[in-house]
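Good morning, colleagues, and thank you for making time for this presentation. I should like to take you through one structure, beginning with a few single residues and ending with the chain as a whole. Please keep the display in view as I speak.

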Amino acid sequence: MDPTPMQQTVMESQEISSTPQEVDQSSPAPPSESQAITNSDQAYEPLSYDELFPALPNAPNQTPVVEPSESNWSKNSDMRIASSVITQVFRVPYEERVKIDGNNQFGESASSRICADITTKTGAHIEISSAKDQSLTFLVTGKNDAVMRAKRLVLEKFQTQARQTIKIPKEHHRFILGKKGKKLQELESITATKIQIPNANDNSDEIIVVGTKDSIEKATHEIRLISDEQSKQAYEKLEIPKQYHPFISGANNEKINQLMMDNNVRINIPPPSVMKNEITIAGEKEGVLICKEIISKCHKEMERKCQTVSVEVRKTQHKYVIGPRGSNITEILQQTGVSVEMPSTESSSETITLRGPQDKLGQALTLVYAKANSFMQTGLEAPTWLHKFIIGRKGANIRHITQDLPKVHVEFTDKQGGIRLEGPPEEVEKAREKLETMINEMKSKLTFDQITVDPRFYKHIIGKSGSNINRIRNDTGVLINISEADGNNLIRLEGSPEGVAQAKKELEELVAKMENEKERDIIIEQRFHRTIIGTKGDKIREIRERFNQVQISFPDAGEASDIVRIRGPKDDVDQCFTYLKRLLRDLLESNYQVKVSIYRQFHKFIIGKGGANINKIREETNTRIDLPSEGQNSDEITITGKKENCEKARDRIQKIQDELANIVELDIIIPSKFHNSMIGAGGKLIQSISEECGGVAIKFPPPDARSDKVTIRGPKDEVQKAKQMLVELSNEKQLASFTAEVRAKPQHHRFLIGRNGANIRKIRDATGARIIFPTDKDEDKELITIIGKKDSVAKAKEQLLATIKELDLIIEDTMTVDPKHHRHFVARRGEVLRQIGDQYGGVTVSFPRAGVQSDKVTLKGAKECVEAAKARIYEIITDLEEIVSMEVVIPQRYHRTVMGARGSKVQAITTEFDVQIKFPEKDLGNDMGQMQLNGDVNGEAETARPQDIVRLSGKKEKCEGARDALLALVPIIVEEQVPFKHHRYIIGQKGENVRSMMTEYDVNIQVPPPQDQSDIIKITGSPANTERARLALREKVEQLEEGERDRQARAFQIQLKVASEYHPKIIGKRGAVISKIREKHDVNIQFPPRGGPEEDVITITGYEKNVNEAKEAILAITGELDKMTKSSVEIDSRIHSRLIGTRGRAIRKIMEEFKVEIKFPRGDDNADSVTIIGAVENVEECKDHLLNLMEEYMQDIVEREDMEVYMNPNKSNNLFQSDESSHHQGRDGTKQGFVVSGAPWTQEAPNMNSSEDFPSMGAPSPPVAAPTIWGPRR
């Protein structure tokens, strides 16, 4: 097989292995060239630069290879110092790449940033490049361990990660971990994987390996090798050339799996990515030898029969020969028995080698060509920014192209701006034509532009929750991408030309505005935030109105932050900052806090009668005084205000207490090293002393003061009592601080402690001393510490030394164990014996070897340990003899349900009842039996099949309990009658309700489809769960029925006929009256449209009682309106505006004065008609008042019109013409009144250009007409 795609080179003394596997090439060069040529395992001489880094194919010329000269330096190459800096080159295929640099708006420089982060973490230098086939090549340089760590991190980030679980015996885990986990770290570094091993307390034997496919194969291979080496069974290694491994393993590992199953062994064949020839076999000796013989025979046979054929196939077609996960190669091997060997992906070779029997090579060759030519690749050029539009929203556009061509795969390459099509030739050509048409059409309609913006403005451009950027995007229809690619800080706009231009203009204006802004932070304690913001934000609103260009941001209430941000124009921000600083200073001065301890029995005197004392102190000192509530177990009174005022209030409160009680203060000396132990965890010990002594205040010095003085303050008698208790406690601590040390072998510690701590508890109870054993973190594992009083420590030490002396005396003893029980003790590689040894001081228990007919068991160890181990073995034998086997018949179709997810339910039963449960192998035959319906069990008449029998083993009563628990998990089907109309509510929106019930009750609920119109819902699950689900379903139906009844009750409706002219009064101003009725009576009231056929009908809907009450409320309003009268009065429309007044003030005053409603004409109504509505007397009085006002206002209008005529004669003609039409012509068209013609005011104005009206000086004047009685003509 060909090598892994990873290759390692070295910067200085480089070597190239004949097999391209990973090697550290920092070793010195070989002594002779002949050795390097003849031995494929030796390295060649270092090659030239051009051989290691060849020029591109289109390079015009290349530097000739320079052979290294045989200088003295090269001859003494053995004396060189090997370089510690190495370089590794590895490749990530396109198919396994993680889409980091995708089409997301922030992803263009993600690869570079990730590599920079890995360089920072590891110190290794990383170079990344992309090939034409979109694969990534990495060049990692640095120290060996740094390169290994960098490689693992690179593969984690850039290559898709897989996950595999392998089972390794628990006792082998420690060998995989190694000392302090070093072996595991080395494995992870070499294989570039993450290996998760369960904790020591976890009984699981599963090891999880996470990494790339090749890396996982390497890691699992190495882990299995370690496990096989530690296995106590037979173990064999076979050296078989790698090219014959496929014939041994068979297609899909069929042959090797069959071998392992038949012979109960484990065979480990290195995966293709691991360039090793060895095959390991582990298991029972007989099975291992059989497998070894079969594998060797297969190798020799294939070595004799195999022939090879090499064919040239284009490199781009190789992956079609390989197939997904190598499926095509496996298929060829399965059909023809021929192995297909492919060149490595980074190799430029196009040669494929076929190896197998000569008569099968032709058939295999035909299959290879068929696979290679079944697909083709082609490409299209399209700008990268256009790709997202080609794909469309949720892939709609590209789906429209590919839906009829399912075998075509369309891949968009990010950096080259290309589109790659892959699939059958005919379908690829059709897809290409459609894409070309779409691309040309989009190029004509779409464009893009870029603007450079400082990244600090990004968050403001985006806005809160994207509000700003979404607004621009919605207004312009432009796609906006914000990026920091290559340090250019670009915002890219893509869309129609008009939209791009508009979006660019708006963004530039926004950036220009922000460039003139600044941001400052001010530290304000969070307790003042609410004060500054004010009730409902009134105070902060005032500040924002004062500095209206400034944005003030407070941290969220959940954040423990004191930072308040101010942003806006520079000058305004500085002024706002100064203002807030001043405000904060005032708050600090007025919010100083002092806490004073006052005995609770004196709080009532501090408060005084009716709060007289406390209120007086508050007023005189201008402070806020808070006392603890009744539920609080505290005697502290908190005083808040200015510092000097708080101190005054504190002194006055303490003075009240001192006058009421004989308060004293006393200091005692207690060594500071005992302070923490006397205070106790969380201060509980010292608090209990304080409470016992009447709540005296006990103050210890701070830890860094290094003082021994402890202060007690309180009533004299209580202080003396507390002093005595503290002195006694101090003396006790000093006496109990004596220590001693004893040494014992670590394997004896478990025996000294005893089962569940029994032995050590016995010594502790007898002596009163505390015994501390070393933990895993302690360096000295033998040191045991004894703490307590001097005599107690001495007694405990004496007993421990005596026990340890006995443990050091090694004896050997034997006991008899029935051979039928031997397997239990030695099973699972002696797990039970290992537990006994660990528990009883490392005692060694030896059972007879397999095949030896003996019941003698040998125990070796300390006498006490041996005796205890023998007792434990007898206990186990007693339990084993009580074990029975029991069979439970459960149809196989239910096994998966009974076992639960990953066997969780069975594991719970096994743990609870301490039994073993074995399910039969799965039968692949059809199992068409029906489930139990409504709990009916009719399986008794059926004959139990072997695949239905579940076997239990354990104590009888435990097995019976486990059997009942298993049967309770067997699912049944329960049918529940639910009216069809409720089904949609049972299902819920998108099935949310029914899914929630199934999850909660661990059942399956089947609702019939709507077309069946069935009322029966089926519930499948265990009897207990189905019963709970049935009850929940009934409860839900009852709720739905109740809701339906409620809806029917609320649907009661009546129609009330009320004159439409009353409707505005019933509705009220801005709907106030009708809203009040609706809320009070919880009804819905609908008014008809104005001018409709039923404009008088009001509809009321709700509960019957509420509807009738609302009807009565409306009728009460209409009753009042019926008592009113309506009268019209003619008032000249020219004075209406004066009657109404500014914003209706005048007319409102009149309506309030006379308690009437006045309506002025609208639309086509009589322009002079004014309607008055109200009580008869009020209407008449209001009418007289309006007529009086009209006479007064009309006189003013007439006088004003006469004055205008006199002052502006030009308008007289129009005025009198209008007067003539209005006063001398009635509504019926007849002439009325007196008409004057030829009057002066009817004459035209003098003509400025007329020589008659304006004669020139000296010219003959025209004849002048005689003056009329009205004066000279004008």
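Does Asn252 count as buried or exposed? Its relative accessibility is 52%, and the cut-off for exposed is over 50%, so Asn252 counts as exposed. I should state at once that this is a predicted model. Asn252 belongs to the loop that runs between helix H9 (245-249) and helix H10 (254-263). Its phi is near 55 degrees, a positive value in a residue other than glycine.

Lys990 may be described in a similar way. Its phi is near 55 degrees, again positive in a residue that is not glycine. Lys990 is placed in the loop between helix H38 (983-987) and helix H39 (992-1001). With a relative accessible area of 76%, Lys990 is exposed.

Let me turn to residues within helices. His400 is part of helix H16, which covers residues 396-402. At 55% relative accessibility, His400 counts as exposed. Between the C-alpha atoms of His400 and Lys434 the separation is 9.9 Å, although the two are 34 residues apart along the chain.

Asn328 gives a contrasting case. This residue sits in helix H13 (residues 327-336). Its relative accessibility is 13%, and buried means under 20%, so Asn328 counts as buried. What touches Asn328, once its neighbours within four places in sequence are set aside? The contacts are Tyr320, Val321, Ile322, Gly323 and Lys371.

A third helix residue is Ser296, found in helix H11 (residues 285-305). A polar atom of the Ser296 side chain lies 2.8 Å from the backbone oxygen of Lys292. Ser296 also has Leu238 at 8.1 Å in space, C-alpha to C-alpha, with their positions 58 residues apart in sequence.

Next, the aromatic rings. How many aromatic pairs does the structure hold? There are three. In one of them, Phe825 and Phe847, the ring centres are 5.0 Å apart and the planes meet at 25 degrees, so the pair is stacked. This pair links distant parts of the chain: Phe825 is in helix H33 (residues 822-839), while Phe847 is in the loop between strand S33 (844-846) and strand S34 (856-862), 22 residues apart. Phe825 and Phe847 are both buried.

Two further rings have a charged group over them. The charged end of Arg520 sits over the ring of Phe577, at 3.6 Å from its centre. Arg492 lies over the face of Phe448, 4.1 Å from the ring centre.

I come now to the nonpolar interior, where Phe825 appears again. The largest nonpolar core has 38 residues, and those touching the most other members are Phe825, Ile836, Val843, Val845, Leu859 and Ile873. At least two residues of this core come from each of strand S29 (738-743), helix H30 (746-753), helix H31 (758-767), strand S31 (783-788), helix H32 (790-808), H33, S34 and helix H34 (863-881). Which of these elements gives the most? H34 does, with eight residues.

Val845 shows how one member of the core is surrounded. Not counting residues up to four places away in sequence, Val845 touches Leu833, Ile836, Val857, Thr858, Leu859 and Ile873. There is also a second, separate core of 32 residues, and Val596, Ile639, Phe674 and Ala722 are among them.

H30 deserves a closer look. Which residues of H30 are buried? They are His748, His749, Phe751 and Leu752. The elements covering these buried residues include H31, S31, H32, H33 and H34. After H30 comes Gly754, with a positive phi near 85 degrees.

Finally, the chain as a whole. It has 47 helices and 47 strands. Of its 1274 residues, 37% count as buried. The accessible surface comes to about 78200 Å², and carbon and sulfur atoms account for 48% of that area. Among contacts between residues at least 6 apart in sequence, 68% join residues at least 24 apart.

To close, I would return to two places on the display. One is the stacked pair of Phe825 and Phe847, with Phe825 also among the residues touching the most other members of the largest nonpolar core. The other is H34, which gives the most to that core. Thank you for your attention.

Notes:
Residues are numbered from 1 along each chain as its sequence is written. This is a predicted model: local features need pLDDT of at least 70, side-chain atom pairs count only at pLDDT 80 or more; totals for chains, interfaces and linings use all residues. Side-chain values use heavy atoms; hydrogens and water are left out. Helices (H or I, at least four residues) and strands (E, at least two) are DSSP runs, numbered from the N terminus. Buried means under 20% relative accessible area, exposed over 50%, partly exposed in between (1.4 Å probe, protein chains only). A polar contact is a pair of N or O atoms within 3.5 Å; within protein, one must be able to donate a hydrogen and the other to accept it, and residues adjacent in sequence count only if both atoms are side-chain atoms. Rings of Phe, Tyr and Trp (its six-membered ring) pair if their centres lie within 6.5 Å; planes under 30 degrees apart count as stacked, over 60 as edge-to-face and the rest as tilted. A charge sits over a ring if NZ of Lys or CZ of Arg is within 6 Å of the ring centre and within 35 degrees of the ring normal. A nonpolar core is a set of buried Ala, Val, Leu, Ile, Met, Phe, Trp, Tyr and Cys residues joined through side-chain atoms within 4.5 Å. Contact means heavy atoms within 4.5 Å. Accessible areas come from the Shrake-Rupley method with a 1.4 Å probe; for residues, only the protein chains shown count as cover.
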